[in-house]
Amino acid sequence: MMTGTGYARSQRGEEEKKEEGKETQEAVPEQKRVEKKKEEKKKVPPKLQAKKVKLYSGARKTSRATASIYPGTGKVRVNGRILELWEPEVARLHMLAPALVSGELRERFDIDVKVAGGGFMGQADAAAMAIARAYVDQSRGNEAKARMNAYNKYLLSGDPRQTEPKKFGGPGARRKRQKSYR
């Protein structure tokens, strides 16, 4: 004869299973538990462990770029797109400049750049700055830094110019409405 609901019986069954699990855990010595935890942590894929990623930033006007560099074959990607396929061409050439100036250093590292904000040229400037800083940091000595500064002094230091905020009395930051005295 059945009394009560199936729900109560299923609850009792779960409680019994939990109690059995506790007894088996208590029977296992502490050292084995610690070893199991260490083994679980080592299950990270070796491909991800080998990458040593460093981050470098670049900024221009309202654009912000972050470049991550790691050992590779010389690929440069901007927002997931290979740099050689980037459009417009003016921006592509501007972003390629640090890679071309760095010379043989380019073949040893891959760079991924994330850029957001601003217009296409501001983004190109920010990305170029992040790429240049990454290559200079990975090089030995001051030779790469001197080459970057000789090519364009703003590649490493940045360009501090910003747009001026609009003021009252006119349509822009400086322009005012014309006055007529006649």
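Here is a short walk through this structure, from the whole chain down to a couple of residues. Keep in mind that the model is predicted.

Let's start with the big picture. The protein chain holds seven helices and five strands. Reading from the N terminus, you meet them in the order α-α-α-β-β-β-β-α-β-α-α-α. Of the chain's 182 residues, 29% are buried. About 13700 Å² of the chain is exposed, and carbon and sulfur atoms supply 54% of that. As for how the chain meets itself, take the contacts between residues at least 6 apart in sequence: 63% of them join residues at least 24 apart.

Now look at helix α5, which covers residues 120–138. From first C-alpha to last, α5 reaches 27 Å, close to the 27 Å expected for its 19 residues. The helix is mostly covered, with 14 of those 19 residues buried.

Next, find P88, sitting in the loop between β4 (81–82) and α4 (89–102). Its relative accessibility is 32%, so P88 counts as partly exposed, a class that lies between 20% and 50%. P88 and F120 are 32 residues apart in sequence, yet their C-alphas are 8.2 Å apart in space.

On the other side of α4, in the loop that leads to β5 (109–116), is R106. Is R106 buried or exposed? With a relative accessible area of 15%, R106 is buried, because the cut-off is under 20%. Leaving out residues up to four places away in sequence, R106 touches T73, G74, V76, E84, L96, A99, L100 and Y135. With G74 there is a further detail: the R106 side chain reaches the backbone oxygen of G74 at 3.4 Å.

Note on methods
Residues are numbered from 1 along each chain as its sequence is written. This is a predicted model: local features need pLDDT of at least 70, side-chain atom pairs count only at pLDDT 80 or more; totals for chains, interfaces and linings use all residues. Side-chain values use heavy atoms; hydrogens and water are left out. Helices (H or I, at least four residues) and strands (E, at least two) are DSSP runs, numbered from the N terminus. The expected span of a helix is 1.5 Å times one less than its number of residues. Buried means under 20% relative accessible area, exposed over 50%, partly exposed in between (1.4 Å probe, protein chains only). A polar contact is a pair of N or O atoms within 3.5 Å; within protein, one must be able to donate a hydrogen and the other to accept it, and residues adjacent in sequence count only if both atoms are side-chain atoms. Contact means heavy atoms within 4.5 Å. Accessible areas come from the Shrake-Rupley method with a 1.4 Å probe; for residues, only the protein chains shown count as cover.
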